[in-house]
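I set out to record, entry by entry, what I looked up in this structure. The notes are meant for a reader who has not seen it before.

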Amino acid sequence: MSIQVLSPEVVDQIAAGEVVERPAHLVKELVENSIDAGATRVHVEFFDGGRIVKVIDNGKGMSPEDLPKALDRFATSKISKSDDLWSLKTFGFRGEALASISSVSKMTLTTRRKGDEQAYQLISEYGKKQPIERVGGSQGTTVLMENLFENMPARLKFLKSDAAEHTAIKTTLKAMALAHHDVEFRIQENSKLVNFWTACKDRKERAEQILEIKPLFVGEASREYVKAYAVFADPHNVAKTAKNIWLFAQNRWVQDRSLQAAVNEAYRSLLMHGEFPIAAVWVETDPEYIDVNIHPTKSQVKFHDPSLAFRAVAGALRGTLEKAPWIQQSGQLRSQAQFGEAGGTVDYSDPAATYSSAKGLPNFAAAPVEMPKENLAFNDSTFKTTQFQKKDFNFPASSVQQNKTSYQTLMDAAESRQNFSNQNPDMEETQSTPISNETVAPVSGGYWSSLEVLGQANLTYIVTQHRDKMVFVDQHAAHERVAYEKLMNAWKGGKIDIQDFLFPLAIDMSPEKVEGLLLLAKDIERLGVFIEPLGPGTVGVKAAPLFIKESILGKVLDRMATEVVDQGGSYSLERAVGDICATMACHSVVRAGQALSIDQMKNLLREMDHFPLSSFCPHGRPVSVEYPFYKLEKDFGRIV
Ligand code: ADP
Ligand code: MG
């Protein structure tokens, strides 16, 4: 066969395979056109697994002259020269979508501009246009697409089940609605109204509407020229998959592993294994630092410096999470939907929303309420204590001295009243840290100290009451969080011991990873790890916190380097230290089965108020469960 130029129809059909791989993609294209046309109301109907789709908008419409051009390939009203590409405000610009979709379907375009006497209609069948007709119609544009892929049976086979295609369409529309809070969306599936999202005043309100959780919380952060804005649920409200992490770059919905990792990172130590955050995150940067048009349907994005985006996103969430805004100062834990009465209206009918309900549904097997015996086993002398030399942690470079490698206290003992075996972070042996008998300073308006302690149940739970409910606090989990936060604070505050290696510890990795890691050298130093290049494929560690074992150090740095290369940022070191601290905390605090005096329990609660994240243990388990009095009254048959 000699070389031939493909006919425009064939070119369109080939392109259609890319642009409208699945009905959800073409829905996205049509809705973006409506939004580009300035619509404030968009109505989407779909049937038949998305082989019939209708999008109605109240946008600016098209002139009868432009109407047929809209279906031509590379016909667009949005750019005219290549310079315009860099100042794009619209979603479309390729002039490809309508040409592609109309080449593989029957399309009816009806449009009317403001001020026009009537509407104009154009029908096209698999790319063949019929003459334009005058019809009745209101301002805006209606695109009806039918018979999708009927001229391409091969493509038809690629479509999934009707239910799967409908779910994909609904997920796409959720994302579109999240990105455009000021646009009203009405969504009909098989003629049934499934969503009606009125226009909202801001992103938070829209996210509450769409994710069906209230309240959500807001965080913002910037790293150089990258800004992140996040709206998210408190860590009591979790999902079973990552599907409820919604990411937007320049307000376009994107799939991005690095940004997703950044979101998960922010929830570190707040979620249990298999739990995922519910969050929507918008990342904005100057257009010159981002490429969002890698592929029309893959919705991927490429940042000039991915680590800035990673850090901005993690920072936006973490900054607010660490303040635990869901704890009302004098009130109660919010959105702990223990009995389904609070924490929002989760739509279980939506398969895309795989929420699990709030954690820690209480199990009210009758626990004997014993009053504590006084002051048992909490004298400091009963605990193994190891005295180490103290050394202050001075920054910057002066702390790198090639001399001391002695064992020293991990933390300022006077401050923390805790001693740890710092040689063995994964320690097996248990050495409990006393709960101080000295009164801990109260935090004014603190939630935990406002609980009225009634006693201890089963030598495990602190039994309290507060307003309209009983609150049970797991003594071990609570103390664990307190000890963990103290350790992490000491580490972040530079109050830990640094071990200087006489000879740098050499870690081999690929040159690419070495380079990535060295970019982070300054950040890593702040965490107490000092590195230097030893060769193109080797990093040397000059000094590191004493409590990170050498064998772990190599693994952690290698993982960090991998993450830096893959996703532009890494919190591996924080994670590793967090894990070590969690293990240390777990092994060093009061266990279940220890009697506590009322004063000790009160003290522990007061201590918890000093750490906003006290409602979770460092492994993400809940620290308390609630039992509202109305539930008690129901159980006693006082009310029905
Ligand atoms: P692009 O959006 O990349 O320009 P499309 O093929 O999606 O390409 O659309 C082609 C043109 O048709 C647009 O540039 C616009 O002028 C017009 N158009 C499409 N949809 C609408 C709409 N809903 N309202 C007004 N004009 C529209
Ligand atoms: Mg378009």
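The entries below go from the whole protein to its sheets, a helix pair and two single residues.

**Entry 1. Overall composition**

I began by noting that the model is a predicted one. I then looked up the secondary structure and found 17 helices and 26 strands in the protein. For burial, I recorded that 53% of the 640 residues count as buried. I also checked how far apart in sequence the contacting residues lie. Among contacts between residues at least 6 apart in sequence, 71% join residues at least 24 apart.

**Entry 2. The five-stranded sheet**

I asked in which order the strands of the five-stranded sheet are arranged. The order is E10-E11-E15-E13-E14, in an open sheet with mixed pairing. Strands E10 and E14 (252–254) stand at the edges, and each has a single partner strand, so one side of each is left without a neighbour in the sheet. I noted the average turn between neighbouring strands of this sheet as 25°, with direction ignored.

I next looked at which helices pack on this sheet. Helix H6 does so, touching strand E13 (245–249), E14 and strand E15 (279–285). The direction of H6 makes about 55° with that of E13. Helix H7 (residues 203–211) also packs on the sheet, where H7 touches E10, E11, E13 and E15. The direction of H7 makes about 45° with that of E11.

**Entry 3. The hairpin of E10 and E11**

I then examined one edge of that sheet in more detail. Strand E10 (residues 217–223) and strand E11 (residues 226–232) run antiparallel and are joined by seven bridges. I looked up two of the pairs: Glu220 has Tyr229 of E11 as its bridge partner, and Ala221 has Ala228 of E11. The two strands form a hairpin, with two residues between them. In the turn I recorded a positive phi of about 50° for Glu224.

**Entry 4. Gly315**

I asked whether Gly315 is buried or exposed. Its relative accessible area is 19%, and the cut-off for buried is under 20%, so Gly315 counts as buried. Gly315 is found in helix H9 (residues 306–321). Leaving aside residues up to four places away in sequence, I found that Gly315 touches Ala221 and Arg223. Ala221 is the residue already noted as the bridge partner of Ala228 in E11. I also looked up the separation from Gly219, which is 96 residues away along the chain: the C-alpha atoms of Gly315 and Gly219 are separated by 8.2 Å.

**Entry 5. Tyr289**

I located Tyr289 in the loop between E15 and strand E16 (290–291). With a relative accessibility of 23%, Tyr289 counts as partly exposed. I listed its contacts, again not counting residues up to four places away in sequence, as Tyr225, Lys302, Phe303 and His304. Of Tyr289 and Tyr225 I noted that they are 64 residues apart in sequence and 8.5 Å apart in space, C-alpha to C-alpha.

**Entry 6. The pair H2 and H6**

I returned to H6 and asked at what angle H2 and H6 pack. Helix H2 (residues 23–36) and helix H6 (residues 162–179) meet at about 30°, and their axes are 8 Å apart. That angle makes H2 roughly parallel to H6. The crossing of H2 past H6 is right-handed. On the H2 side, the contact is made by Pro23, Ala24, Val27, Lys28, Val31, Glu32 and Ile35. On the H6 side I listed Glu165, Ala168, Ile169, Thr172, Leu173 and Met176. I sorted the residues of this contact by type and obtained nine nonpolar, one polar and three charged.

**Entry 7. The three-stranded sheet**

I closed with an open sheet of three strands, whose order is E23-E25-E24 and whose pairing is antiparallel. Strand E23 (498–508) and strand E24 (530–535) stand at the edges, each with a single partner strand, so one side of each is left without a neighbour in the sheet. The twist from one strand to the next averages 20°. Between E23 and strand E25 (residues 538–545) I recorded seven bridges in the antiparallel sense. In this pairing, Ile498 stands opposite Pro545 in E25. Helix H12 (residues 511–519) packs on the sheet and touches E24 and E25. I noted that the direction of H12 makes about 150° with that of E24.

Definitions and conventions. Residues numbered from 1 in each chain as written. Chains lettered and ligands numbered in written order. Predicted model: local features only at pLDDT ≥ 70, side-chain atom pairs only at ≥ 80, totals over all residues. Heavy atoms only, no water. Axes fitted to C-alpha atoms, helices over the stretch in contact; angles between N-to-C directions. Helix = DSSP H or I, 4+ residues; strand = E, 2+ residues; numbered from the N terminus. Parallel < 35°, antiparallel > 145°, perpendicular 65-115°, else oblique. Left-handed = near helix turned anticlockwise from the far one by under 90°. Contact = heavy atoms within 4.5 Å. Nonpolar A, V, L, I, M, F, W, Y, C, P; charged D, E, K, R; others polar. Pairing = 2+ DSSP bridges. Buried < 20%, exposed > 50% of the residue type's maximum accessible area, 1.4 Å probe, protein only.
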